[in-house]
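Thanks for sharing this one with me. Here are my notes, meant for someone meeting the structure for the first time.

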Amino acid sequence: SLPSYDQLPVDSTAPPHSAWGLWGKEDNLGTLNLLTPEKVERAGKLIRRGEVYSLNWKLECPDSGMLDRYEPKHSIKPLGGGISFDDVYDNFNTQASSQWDGLRHFCHIGSGKFYNNISASDITDSSEGRLGIHHMARRGIAGRAVLLDFGRWAVKNAPEFDPFKRHEITVQQLEAVAASQKVKFEEGDVLLIRTGWTAAYEVKKANKGLPNLKGDVENLPVCAGIKACEETFSWVWNNHFSALASDSIALEAMPFDFETSCHSIFLGGWGMPIGELFFLEALADDSAKDGVYEYFFTSAPLNKHGGVATPPNALCIK
Ligand code: UVW
């Protein structure tokens with residue numbers, strides 16, 4: 001069985017509460033190792049109505065140039081005098097819209113090393129490809145996902161909540177949402193957390209009321225998300241989720257302190273992918289109607305050797 005948060009690290013030379021070495025020193029998959037064939041087979045049984053929900057937001061959104069990530073420039077290239085066409089994307093940043101942050105994206109800040117003691121120089125020299133997104137792509141991601149619709153819960157229970165403010169979502173609040181939706185977690189779950197950010201973005205944009213979201217590494221943009229603290233880290237680890245994703249820009253409340261961030265612990269410490277800007281609106285609307293918040297989940301990352309991140313190409317099937 002898996003160690004608890006207090007039992008980490010399993011390798012005494014590794015940073016505190018990291019999972020380095022848990023799945024072997026050469027491992028490139030981190031918590032995705034929890035998605036065993038048995039779990040995938042069991043999750044397949046959650047398909048009851050055959051309804052499919054795609055979690056990629058429009059590639060055009062957000063178009064705010066956030067962290068200097070812009071919508072790719074799309075052109076259509078004719079072939080053979082107009083009997084056939086290709087797509088060409090220039091300036092395609094895999095993190096400009098819905099994305100998985102892969103294990104090359106963020107180091108464990110305290111140690112300066114990436115998951116499983118990989119150095120920045122191993123990342124920039126792509127030849128070996130340690131922790132590259134292709135590892136996730138070649139395995140594929142499938143299993144059970146559960147949605148916590150924090151945004152809907154907050155309407156009654158935390159009316160001051162605004163996904164565009166730095167609201168820190170606590171473990172108690174996540175537990176309260178889970179209880180209100182009758183959600184029970186299982187080892188290996190992909191946890192989806194809806195804040196309402198993507199929907200609010202579209203409304204603000206239509207009303208020409210978008211705040212400046214550009215930001216940079218020194219001056220991160222502002223948004224709501226889970227609270228980066230020991231209680232959250234221990235709750236997330238002890239539930240043994242395989243990945244966490246939300247519809248907000250960073251999963252965790254922004255701006256955040258790098259050293260004590262979820263990014264540092266989840267990606268650098270545990271090898272746990274972080275999903276951002278997932279489009280959860282249609283899925284959440286349907287779940288609010290039928291009260292079902294567990295799904296068969298699939299995601300097919302880009303099979304790019306040494307890639308850092310990827311559009312999730314994720315589906316939830318009910
Ligand atoms: C930040 O945390 C800066 O967001 P991202 O994970 O998309 O880089």
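**Notes on the predicted model**

1. Let us begin with helix H7, residues 230-239, whose buried residues are Thr232, Phe233, Val236 and Trp237. Looking down the axis of H7, these buried residues fall within an arc of 120°, so they line one face of the helix. The face turned away from that buried side carries Glu230 and Glu231, which are exposed. Please keep in mind throughout that this is a predicted model.

2. What do the buried residues of H7 pack against? Their partners are helix H5 (171-181), strand E8 (225-226), strand E9 and helix H8. Just after H7 comes His240, which takes a positive phi of about 55°.

3. Helix H9, residues 281-290, can be read in a similar way, with Leu283, Ala284 and Ser287 as its buried residues. Seen down the axis of H9, they fall within an arc of 95°, so they line one face of the helix. Ala288 and Lys289 are exposed on the other side of H9. The buried residues of H9 pack against strand E1 (52-54), strand E5, helix H4 (150-157), strand E7 (190-194) and strand E13 (314-317). After H9 comes Gly291, with a positive phi near 70°.

4. Several of those strands belong to an open sheet of nine strands, in the order E1-E13-E11-E5-E7-E9-E10-E4-E12 and with mixed pairing. Which strands are at the edges? They are E1 and strand E12 (309-310), each of which pairs on one side only.

5. It is worth following E13 through the sheet. E1 and E13 run antiparallel and are joined by three bridges, and the bridge partner of Ser54 in E13 is Leu315. Strand E11 (residues 294-299) also runs antiparallel to E13, with four bridges between them; here Ser299 stands opposite Ala314. As for its two faces, E13 has Ala314 and Cys316 on the covered one, and Leu315 and Ile317 on the uncovered one.

6. For a parallel pair, have a look at E9 and strand E10 (residues 274-276), which are joined by two bridges. Leu244 has Ile274 as its bridge partner in E10.

7. Leu244 comes up again in the largest nonpolar core, which has 81 residues; Leu147, Leu192, Leu244 and Phe297 touch the most other members. Strand E5 (residues 141-149) gives the most to this core, with six residues. In soluble globular proteins, nonpolar side chains tend to be buried together. Leu192 is a good residue to click on: leaving aside neighbours within four places in sequence, Leu192 is in contact with Ala145, Val146, Leu147, Ala245, Phe278 and Leu280.

8. Is Asp247 buried or exposed? Asp247 has 29 C-beta neighbours inside 10 Å, and because 20 or more are enough, Asp247 counts as buried. Asp247 lies in the loop between E9 (243-246) and H8 (262-270). Not counting residues up to four places away in sequence, Asp247 touches Arg194, Thr195, Trp197, Thr198, Leu277, Phe278, Phe279 and Leu280. By contrast with these contacts, Gly269 is 22 residues from Asp247 in sequence and 23 Å away in space, C-alpha to C-alpha.

9. The same loop between E9 and H8 also holds Pro255. Met254 and Pro255 are joined by a cis peptide bond, with omega about -5°. Another cis peptide bond runs from Leu8 to Pro9, with omega near 5°; Pro9 has its place in the segment before helix H1 (37-44).

10. Two residues other than glycine deserve a glance for their positive phi: His17, near 60°, and Lys208, near 55°. His17 is found in the segment before H1 and counts as partly exposed, with 19 C-beta neighbours inside 10 Å. Lys208 lies in the loop between helix H6 (197-206) and E8; with 6 other C-beta atoms within 10 Å, Lys208 is exposed.

11. Finally, which residues are around the ligand? They are Leu67, Gln95, Asp101, Leu220, Ala250, His263 and Glu276. This shell divides into three nonpolar, two polar and two charged residues.

Notes. Residues numbered from 1 in each chain as written. Predicted model: local features only at pLDDT ≥ 70, side-chain atom pairs only at ≥ 80, totals over all residues. Core = buried A, V, L, I, M, F, W, Y, C linked by C-beta atoms within 7 Å. Buried ≥ 20, exposed ≤ 12 C-beta atoms within 10 Å, placed from the backbone. Contact = placed C-beta atoms within 7 Å. Near = placed C-beta within 6 Å. Nonpolar A, V, L, I, M, F, W, Y, C, P; charged D, E, K, R; others polar. Arc of directions from axis to C-beta. Pairing = 2+ DSSP bridges.
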